[in-house]
Amino acid sequence: MSARLEVDWTRCDGHGLCAQLWGERIGTDPWGFPLLPPELGEDEMARARQVVGVCPALALRLQR
């Protein structure tokens, strides 16, 4: 089963913490807003939950 990260754009402030924590999978645009991978594998779920949990704006969620 695959999942994806989603951003609530009304909450995201472009802190870039998600990209700092998981730079291999999350990039940022020139303003610091996340560029998310289209899909996550089952082996990436623990890391994805960690990134969602530390978002200071509570803007990320994991969608299965």
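A polar contact is a pair of N or O atoms within 3.5 Å; within protein, one must be able to donate a hydrogen and the other to accept it. The exercises below use this cut-off on a predicted model.

**Exercise 1. Place Glu 6 and find its polar partner.**

Task: Which side chain makes a polar contact with the side chain of Glu 6, and is Glu 6 buried or exposed?

Solution.
- Start with the location. Glu 6 sits in strand β1, which spans residues 4–7.
- Check the accessibility. Buried means under 20% relative accessible area. Glu 6 has 17%, so it counts as buried.
- Look for the partner. The side chain of Arg 4 lies 2.7 Å from that of Glu 6, a polar contact.
- Add the other neighbours. Leaving aside residues up to four places away in sequence, Glu 6 touches Leu 36, Ala 59, Leu 60, Arg 61 and Gln 63.

**Exercise 2. Follow Leu 60 into the core.**

Task: Where is Leu 60, and which residues have the most contacts inside the largest nonpolar core?

Solution.
- Locate the residue. Leu 60 belongs to strand β4, residues 60–63.
- Judge its burial. Its relative accessibility is 8%, so Leu 60 is buried.
- List contacts, not counting residues up to four places away in sequence. Leu 60 touches Glu 6, Val 7, Cys 18, Leu 36, Val 51, Val 52 and Cys 55.
- Turn to the core. The largest nonpolar core holds 15 residues, and Leu 5, Trp 22, Ile 26, Val 51 and Leu 60 have the most contacts inside it.
- Ask who supplies it. At least two core residues come from each of β1, α1 (17–21) and α2 (45–54). Helix α2 gives the largest share, three residues.
- Set this against a general tendency. In soluble globular proteins, nonpolar side chains tend to be buried together.
- Inspect one more core member. Beyond four places in sequence, the contacts of Leu 5 include Trp 22, Ile 26, Leu 36 and Val 52.

**Exercise 3. Read the two sides of α2.**

Task: Why do the buried residues of α2 line one face of the helix?

Solution.
- Name the buried residues. In α2 they are Met 45, Ala 48, Val 51 and Val 52.
- Look down the helix axis. The buried residues of α2 fall within an arc of 120°, so they line one face.
- Go to the face turned away from the buried side. Ala 46 and Gly 53 are exposed there.
- Find the cover. The buried residues of α2 are covered by elements including β1, α1 and β4.
- Compare two positions. From C-alpha to C-alpha, Leu 60 and Ala 46 are 14 Å apart in space, with their places 14 residues apart in sequence.

**Exercise 4. Examine a buried loop residue.**

Task: Which backbone nitrogen lies 2.8 Å from a polar atom of the side chain of Glu 44?

Solution.
- Fix the position. Glu 44 is in the loop between β3 (34–35) and α2.
- Test burial. Glu 44 has 17% relative accessibility, so it counts as buried.
- Identify the nitrogen. It belongs to Gly 41.
- Add contacts beyond four places in sequence. Glu 44 touches Trp 22, Arg 25 and Glu 39.

**Exercise 5. Find the enclosed space.**

Task: How many cavities of 30 Å³ or more does a search of the whole structure find, and which residues lie nearest the centre of the largest cavity?

Solution.
- Count first. The search finds one.
- Give the volume. The largest cavity contains about 100 Å³ of space.
- Describe the lining. It has 15 residues; Cys 12, His 15, Gly 16, Cys 18 and Cys 55 lie nearest the centre.

Conventions: Residues are numbered from 1 along each chain as its sequence is written. This is a predicted model: local features need pLDDT of at least 70, side-chain atom pairs count only at pLDDT 80 or more; totals for chains, interfaces and linings use all residues. Side-chain values use heavy atoms; hydrogens and water are left out. Helices (H or I, at least four residues) and strands (E, at least two) are DSSP runs, numbered from the N terminus. Buried means under 20% relative accessible area, exposed over 50%, partly exposed in between (1.4 Å probe, protein chains only). Contact means heavy atoms within 4.5 Å. A nonpolar core is a set of buried Ala, Val, Leu, Ile, Met, Phe, Trp, Tyr and Cys residues joined through side-chain atoms within 4.5 Å. The arc is that of the directions from the helix axis to the C-beta atoms. On a 1 Å grid over the protein atoms alone, a cavity is a set of points where a 1.4 Å probe fits but cannot get out, and a pocket is an open set with protein on both sides within 12 Å along at least five of seven lines; lining residues have an atom within 4 Å of a point. Grid points are joined across faces, edges and corners, and a volume is the space filled by probe spheres set on the points.
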